[in-house]
Amino acid sequence: MHETSMVMSILDIVKDTLKTHNASRVTQITLVLGEFVCVEPKALSSCFEIFAQGTPAEGANLVFERISTTRSCVNCEKIYEKSDEYNICQTCGGKIAFSGGREFYLKSLELESEDSET
Ligand SMILES: [Zn+2]
């Protein structure tokens, strides 16, 4: 499933980051999710809960940041409002296309180090 592979890649990054920072647990994970990314934050969260069990990410809080789409000229990159009716750039005559909204990446992790346990 789509969500499963996303969760697996998140957990991979978590594992690597914990090793790099010598931390034992992750408490919060912030994900950036574009408007066009076909995933339900709710579905991703519940999938994450299942796969995070028994890992250092168990019980971590998932935070989603949604990115909305913009319209811009493919030629000169001038930004247009979504409500604008133009299909052709008023500056250079280039094509106006949707951009952004397909992002999916891990923005930040909040870690807990092993020192706090003792
Ligand atoms: Zn243009």
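**View 1. A nonpolar patch on the surface of the predicted model****.** Met8, Ile50 and Phe51 together make a nonpolar surface patch of about 280 Å² in this predicted model. One of these residues, Met8, belongs to helix H1, which spans residues 2-21. Met8 counts as partly exposed because its relative accessibility is 40%, and that class lies between the limits of 20% and 50%.

**View 2. His2 in helix H1****.** Helix H1 also contains His2, a residue that the UniProt record, an unreviewed entry, covers with the annotation "binding site". With a relative accessible area of 43%, His2 is partly exposed.

**View 3. The zinc ion and its four cysteine donors****.** The zinc ion has as its protein donors the SG atoms of Cys73, Cys76, Cys89 and Cys92, which lie 2.3 to 2.4 Å from the ion. The arrangement of the 4 donor atoms is tetrahedral because the angles they subtend around the zinc ion are 101 to 115°, and four donors are given this name if all angles lie between 85 and 135 degrees. For comparison, the ideal angle for four tetrahedral donors at a metal is 109.5 degrees.

**View 4. Cys73 and Cys89, two donors of the zinc ion****.** Along the sequence, the donor residues of the zinc ion follow the spacing C-x2-C-x12-C-x2-C. Within this set, the pair Cys73 and Cys89 links distant parts of the chain, 16 residues apart: Cys73 is in strand E3 (residues 70-73), whereas Cys89 is in the loop between strand E4 (79-80) and strand E5 (96-99). Cys73 and Cys89 are both buried.

Definitions and conventions. Residues are numbered from 1 along each chain as its sequence is written. This is a predicted model: local features need pLDDT of at least 70, side-chain atom pairs count only at pLDDT 80 or more; totals for chains, interfaces and linings use all residues. Side-chain values use heavy atoms; hydrogens and water are left out. Donors are N, O and S atoms within 2.8 Å of the metal (3.2 Å for Na, K and Ca); water is not among the atoms, so sites may look incomplete. Four donors count as tetrahedral if all angles lie between 85 and 135 degrees; four count as square planar and six as octahedral if opposite donors are over 155 degrees apart and all others between 65 and 115; anything else is irregular. Helices (H or I, at least four residues) and strands (E, at least two) are DSSP runs, numbered from the N terminus. Buried means under 20% relative accessible area, exposed over 50%, partly exposed in between (1.4 Å probe, protein chains only). Patches are made of residues with over 30% relative accessible area and no salt bridge: like charges are joined within 9 Å, nonpolar side chains (Val, Leu, Ile, Met, Phe, Trp, Tyr) within 5 Å. Accessible areas come from the Shrake-Rupley method with a 1.4 Å probe; for residues, only the protein chains shown count as cover. A salt bridge is a side-chain nitrogen of Lys or Arg within 4 Å of a carboxyl oxygen of Asp or Glu. UniProt positions are given in the numbering used here, feature names are shortened, and annotations may be inferred rather than shown by experiment.
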